[in-house]
Amino acid sequence: MRSVTGTVLILVALAATLIALAFPVWTYRDRSGTGLANLEAGSVATSWGPLSAADRDFIVRVRLAGLWELPAGQQAIERAPTQAVADAGEHLVEGHTQLDARVRDVAARLGMELPNQPNDQQRRWLEEFTAARDMAYAQRFTNVLRAAHGKVFVLIGQIRNTTRNTLVRGLADEANMTVLDHITMLERTGMVDFDAIAAEATESGTASPTGPPPHPAAPADPPAAPPAAPATTYPLPPPATLPEKPREPKQPKNPKQHEKNEQPQKENERNEAPVP
């Protein structure tokens with residue numbers, strides 16, 4: 001009896017050990033991220049820091065992006081009706097070739113299983129590209145990929161901000177540069193429908209977590225300006241001293257007396273005259 005009980009305990013312990021070892025390995029089919037409220041509950045300890053459910057979801061999304069954007073880029077190089085679309089296809093191929101190698105390395109270190117096929121939506125997009133022709137193909141290729149990159153761009157920022165795992169943080173940095181480069185190249189085609197992207201973001205509630213700001217109230221009519229007051233004038237102060245008026249020579253009352261006064265002056269002038 002004791003041997004049976006011991007065997008059962010050993011089997012239970014082995015089973016628990018196997019479950020613990022297998023716990024970090026996930027099959028991410030149709031798995032979505034975990035909210036911040038469940039961060040600790042969904043985290044797994046690793047040598048590079050805690051690996052949250054949101055981290056694992058991000059790693060899988062990076063892998064899925066490469067699985068369908070690589071063939072899409074190769075198709076654009078072959079079928080693009082314009083050079084700008086072909087250039088965008090080349091950047092897709094180059095960027096996701098490097099990023100896919102990085103994500104596979106990160107997943108291997110973390111003991112994660114990755115998908116090997118695009119998901120259903122991505123396969124439908126590839127089928128749409130294959131069925132389209134000429135400029136219709138270019139329009140569909142550009143706008144589908146631009147919208148998809150815009151969504152993952154937001155996700156990268158969230159992961160880069162919240163992850164506590166150094167491997168995931170480094171992957172987010174590389175993915176950020178790759179996605180921004182692809183967005184830039186797609187927009188250079190001049191075919192991106194920004195109105196449609198903005199409308200889709202508004203309908204899905206991803207444009208802003210707080211919603212658009214309210215319209216400001218219409219301003220009331222300004223009050224009528226008062227009439228301009230006349231300028232105030234200030235009188236000049238009086239001068240300190242009044243200028244003196246020129247004095248008029250006094251005329252003698254008796255003309256004969258005036259002549260008598262002039263005779264001594266004439267004599268003096270004769271006396272002072274130089275002798276020749």
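A polar contact is a pair of N or O atoms within 3.5 Å, and within protein one of them must be able to donate a hydrogen and the other to accept it. A helpful example sits at the start of helix H6 in this predicted model. There, a side-chain oxygen of Asn 165 comes to within 3.0 Å of the backbone nitrogen of Leu 167. The length of H6 can be checked too: with 22 residues at 1.5 Å a residue, H6 should span 32 Å, and its end C-alpha atoms are indeed 32 Å apart, so the two values agree.

Stepping back to the whole chain, the fold consists of eight helices and zero strands. Followed along the sequence, the pattern reads α-α-α-α-α-α-α-α. Of the contacts between residues at least 6 apart in sequence, 76% join residues at least 24 apart. The chain has 276 residues, and 30% of them are buried. About 19600 Å² of the chain is exposed, and carbon and sulfur atoms supply 58% of that area.

What lies inside comes next. In soluble globular proteins, nonpolar side chains tend to be buried together. The largest nonpolar core here holds 25 residues, and Phe 58, Ile 59, Leu 110, Met 112 and Val 168 have the most contacts inside it. Two or more residues of this core come from each of helix H2 (53-79), helix H3 (83-110), helix H5 (134-162) and helix H6 (166-187). Ile 59 gives a good view of the packing: leaving aside residues up to four places away in sequence, Ile 59 touches Leu 51, Val 103, Val 106, Ala 107, Leu 110, Met 112, Leu 114, Val 168 and Leu 171. There is also a second, separate core of 19 residues, with Leu 92, Val 144, Met 185 and Met 191 among them.

Aromatic rings add another part of the picture. A pair of aromatic rings is described by the distance of the centres and the angle of the planes. Across the whole structure, five aromatic pairs are found. In one of these, the ring centres of Trp 68 and Trp 125 are 5.0 Å apart and the planes meet at 40°, so the pair is tilted. Because Trp 68 belongs to helix H2 and Trp 125 to helix H4 (residues 120-131), this pair ties together parts that are 57 residues apart in sequence. Trp 68 has a relative accessible area of 1%, and since buried means under 20%, this residue counts as buried. Ring pairs also join Trp 68 and Trp 125 with Phe 129, Tyr 137 and Phe 141 in a cluster.

Key: Residues are numbered from 1 along each chain as its sequence is written. This is a predicted model: local features need pLDDT of at least 70, side-chain atom pairs count only at pLDDT 80 or more; totals for chains, interfaces and linings use all residues. Side-chain values use heavy atoms; hydrogens and water are left out. A nonpolar core is a set of buried Ala, Val, Leu, Ile, Met, Phe, Trp, Tyr and Cys residues joined through side-chain atoms within 4.5 Å. Buried means under 20% relative accessible area, exposed over 50%, partly exposed in between (1.4 Å probe, protein chains only). Helices (H or I, at least four residues) and strands (E, at least two) are DSSP runs, numbered from the N terminus. Contact means heavy atoms within 4.5 Å. Accessible areas come from the Shrake-Rupley method with a 1.4 Å probe; for residues, only the protein chains shown count as cover. The expected span of a helix is 1.5 Å times one less than its number of residues. Rings of Phe, Tyr and Trp (its six-membered ring) pair if their centres lie within 6.5 Å; planes under 30 degrees apart count as stacked, over 60 as edge-to-face and the rest as tilted.
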